[in-house]
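Here is a set of questions and answers to work through slowly, with the sequence and the structure open beside you. Try each question yourself before reading the reply.

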Amino acid sequence: MTIGTEAFAALERRVGVLTDRAEITGLIDGYLISLDTVPRGGGRFDEAWAQRYFTSDVRISTPVGQHEGIAGLAEAEQVTLGKFERTQHVGANYLIDLDGDRAAVRWNALMTHVHLATTQQARGEDPGGHFDVGGTFTGEAVRTPDGWRLRRLDVQAVWTTGSGPLTPTPKAEATLRDLAGGA
């Protein structure tokens, strides 16, 4: 059986779309897993980590704060996740809308943050307490010479349980207040 030129071209396009979707899903999964494994393994977020997941002109907005550009991104992530003993970020329901070398992305996430023993001690609570967040990630991925990278990322908390870190940022305090109904 021989496939005609037109049918072969259509098949090639479909394979290309599937490949792009798989690469973007891998980028997202790698990023989420890195948030848990880099500090847990005793490592630190560094420039190589940031370049693996983001473009140099990345814009990120989270319940903790905002960041523009790749410079300083690793340090900011280290400070944010350094407030916890360990974390687990689980992503699901990926929506990827491809448009050539760009893609709009969206996914849901469950994020568990186990407090430091010192945080629990300061609160007069037993070790192991955690702060859980359910949220959404939306943004844009772009194809670069090094593969797909995130250029824009907007993280929205939808719900939380437990107490946040001892020293939240002003933006994190406002987010928690909003989710609690302004109380």
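A salt bridge is a side-chain nitrogen of Lys or Arg within 4 Å of a carboxyl oxygen of Asp or Glu. The model examined here is predicted.

Q: Which residue forms a salt bridge with Arg143, the closest N and O atoms being 2.6 Å apart?
A: A salt bridge needs the nitrogen and the carboxyl oxygen to be within 4 Å, and the closest N and O atoms of this pair are 2.6 Å apart. Arg143 lies in strand β5, while its partner lies in the loop between β3 (84-99) and β4 (102-115), so the pair ties together parts that are 42 residues apart in sequence. The partner of Arg143 in this salt bridge is Asp101.

Q: Which residues are linked with Arg143 in a network of salt bridges?
A: Besides its bridge to Asp101, Arg143 meets the side chain of Asp20 in a salt bridge of 2.9 Å, N to O. That pair links distant parts of the chain, with Arg143 in strand β5 and Asp20 in helix α1, 123 residues apart. The residues linked with Arg143 in the network are therefore Asp20 and Asp101.

Q: Is Asp20 buried or exposed?
A: Buried means under 20% relative accessible area. Asp20 has a relative accessibility of 11%, whereas Arg143, at 34%, counts as partly exposed, and Asp101, at 45%, also counts as partly exposed. Because its value falls under the cut-off, Asp20 counts as buried.

Q: How many residues apart in sequence are the parts that Arg102 and Glu140 tie together?
A: The side chains of Arg102 and Glu140 meet in a salt bridge of 2.9 Å, N to O. Arg102 is partly exposed, with a relative accessible area of 46%, and Glu140 is buried, with a relative accessible area of 11%. Since Arg102 lies in strand β4 and Glu140 in strand β5, the pair ties together parts whose separation in sequence is 38 residues.

Q: What pattern does the chain follow when read along the sequence?
A: The chain holds 5 helices and 6 strands, and its C-alpha atoms fill a box of roughly 75 × 35 × 30 Å, taken along the principal axes. Buried residues make up 34% of the 183 residues in the chain. Read along the sequence, the helices and strands follow the pattern α-α-β-β-α-β-β-α-β-β-α.

Q: Why is the pair of rings of Trp49 and Tyr53 counted as it is, and what is it called?
A: A search of the whole structure finds 7 aromatic pairs. The rings of Trp49 and Tyr53 have their centres 6.2 Å apart and their planes at 55 degrees, and planes under 30 degrees apart would count as stacked, while those over 60 would count as edge-to-face. Because the angle of this pair belongs to neither of those classes, the pair is tilted.

Q: What separates Trp49 and Tyr53 in helix α2?
A: Both Trp49 and Tyr53 are buried, and they belong to one aromatic cluster with Tyr31, Phe45 and Phe54. Within helix α2 (residues 47-53) they are 4 residues apart, which means that they are separated by about one helical turn.

Q: How far apart are the C-alpha atoms of Phe54 and Arg152?
A: Phe54, placed in strand β1 (residues 54-61), counts as buried because its relative accessibility is 3%. Leaving aside neighbours within four places in sequence, Phe54 is in contact with residues including Tyr31, Trp49, Arg149, Leu150 and Leu153. Phe54 and Arg152 are 98 residues apart along the chain, and the separation of their C-alpha atoms is 8.4 Å.

Q: Which residue has its backbone oxygen 3.0 Å from a polar atom of the side chain of His67?
A: His67 has its place in strand β2 (residues 66-68). A polar atom of its side chain lies 3.4 Å from the backbone nitrogen of Leu73, and Leu73 is also among the residues that His67 touches. The backbone oxygen at 3.0 Å from a polar atom of the His67 side chain belongs to Gly69.

Notes
Residues are numbered from 1 along each chain as its sequence is written. This is a predicted model: local features need pLDDT of at least 70, side-chain atom pairs count only at pLDDT 80 or more; totals for chains, interfaces and linings use all residues. Side-chain values use heavy atoms; hydrogens and water are left out. Helices (H or I, at least four residues) and strands (E, at least two) are DSSP runs, numbered from the N terminus. A polar contact is a pair of N or O atoms within 3.5 Å; within protein, one must be able to donate a hydrogen and the other to accept it, and residues adjacent in sequence count only if both atoms are side-chain atoms. Contact means heavy atoms within 4.5 Å. Rings of Phe, Tyr and Trp (its six-membered ring) pair if their centres lie within 6.5 Å; planes under 30 degrees apart count as stacked, over 60 as edge-to-face and the rest as tilted. Buried means under 20% relative accessible area, exposed over 50%, partly exposed in between (1.4 Å probe, protein chains only).
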